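Colleague: Before I use this model in my own work, could we go through it together, question by question?

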Amino acid sequence: RDFYRTGYTPEGDWKDNLSLPASWQYHGFDYHIYANVTMPWQNEYVTSPRCATNYNPVGMYRKNFKVNQGLADANGRVNISFQGVESCYYVYVNGKEVGYSEDTYSPHSFDITDYLIKNADGTIDTTADNLLAVEVHKFCDGTWFEGQDFFYDGGIFRDVYLLKRPKECIYD
């Protein structure tokens with residue numbers, strides 16, 4: 001499971017060029033689960049705060065990206081913002097773990113400045129291909145909080161983008 005490392009070569013059933021944002025069910029992986037008052041666990045007795053282990057698909061995404069000159073020149077911090085991922089996910093940049101988030105319907109940003117490829121003088125290299133890797137789990141302990149009348153899908157279903165932030169700031 002070294003899919004997040006820069007030298008990794010995908011093998012097996014990897015699908016190239018998925019159009020995102022979209023749940024992976026729309027690309028032929030897995031299936032939709034509708035639930036109303038019961039939890040979406042498939043034939044498995046699970047108690048809170050645990051989540052399913054017999055059936056919990058995982059999606060692995062990889063994308064190369066360059067940081068544009070405007071972000072590099074901003075003299076601030078470069079963040080990556082995920083607007084919606086179901087249901088929990090780990091983020092890696094250039095083979096290094098950046099962070100973890102859960103709560104499907106809340107955006108989350110990660111400061112990736114220190115993980116980007118740099119020039120010899122320490123500035124961000126705008127010509128380099130950086131590797132973003134994201135490991136998405138369909139269910140997590142947070143699924144208990146999201147129990148409502150809807151379809152449980154998996155994947156990156158809202159926009160992902162880079163943004164600049166000042167070196168020192170507080171956000172609420």
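Colleague: Where along the chain is Ser87 placed, and what is the omega of the peptide bond that joins Glu86 to Ser87?

Modeller: Ser87 sits in the loop that links strand 4 to strand 5. Please bear in mind that this is a predicted model, and that most peptide bonds are trans. The bond from Glu86 to Ser87 is nevertheless cis, and its omega is near -5°.

Colleague: Which residue is joined to Ser48 by a cis peptide bond?

Modeller: The bond in question has an omega of about 10°. Its second residue belongs to the loop between strand 1 (33-35) and strand 2, and the residue joined to Ser48 is Pro49.

Colleague: Is Val85 buried or exposed, and which residues does it contact beyond its neighbours within four places in sequence?

Modeller: Val85 lies in strand 4, which covers residues 85-86, and with a relative accessibility of 2%, set against a cut-off of 20%, Val85 counts as buried. The C-alpha atom of Val85 is 8.7 Å from that of Ser23, although 62 residues separate the two in sequence. Once its neighbours within four places are left aside, the residues in contact with Val85 are Thr104, Val136, Gly155, Ile156 and Phe157.

Colleague: Why is there no disulfide between Cys88 and Cys140?

Modeller: Searching the whole structure gives zero disulfides. Cys88 is buried at 5% relative accessibility, and Cys140 is likewise buried, at 4%. For each of these cysteines the other holds the closest cysteine sulfur, but a disulfide requires the sulfur atoms to be within 2.5 Å. The pair is therefore too far apart for a bond, with a sulfur-to-sulfur distance of 4.3 Å.

Colleague: Which residues touch the most other members of the largest nonpolar core?

Modeller: This core holds 21 residues, and the elements that contribute two or more of them are strand 2 (58-65), strand 3 (77-82), strand 5 (88-93) and strand 8 (130-137). A second and separate core, of nine residues, includes Ala35, Trp41, Val46 and Ala52. Nonpolar side chains tend to be buried together in soluble globular proteins. In the largest core, the residues touching the most other members are Phe82 and Ile112.

Colleague: How much relative accessibility does Thr143 have?

Modeller: Thr143 is placed in the loop between strand 8 and strand 9 (150-152). Apart from neighbours within four places in sequence, Thr143 contacts Met39, Pro40, Trp41, Ser87, Lys138 and Tyr152. Thr143 counts as buried, with a relative accessibility of 1%.

Colleague: Asp30 and Asn94 both have a positive phi; what are the values?

Modeller: Most residues other than glycine have a negative phi. Asp30, in the segment before strand 1, is partly exposed with a relative accessible area of 29%, whereas Asn94, in the loop between strand 5 and strand 6 (96-102), is buried at 15%. The phi of Asp30 is about 65°, and that of Asn94 is near 50°.

Colleague: What share of the contacts with a separation of 6 or more joins residues 24 or more positions apart?

Modeller: The protein chain has one helix and eleven strands, in the order β-β-α-β-β-β-β-β-β-β-β-β along the sequence. Buried residues make up 42% of its 172 residues. Among contacts with a separation of 6 or more, those between residues 24 or more positions apart account for 74%.

How values were computed: Residues numbered from 1 in each chain as written. Predicted model: local features only at pLDDT ≥ 70, side-chain atom pairs only at ≥ 80, totals over all residues. Heavy atoms only, no water. Core = buried A, V, L, I, M, F, W, Y, C linked by side-chain atoms within 4.5 Å. Buried < 20%, exposed > 50% of the residue type's maximum accessible area, 1.4 Å probe, protein only. Helix = DSSP H or I, 4+ residues; strand = E, 2+ residues; numbered from the N terminus. Contact = heavy atoms within 4.5 Å.
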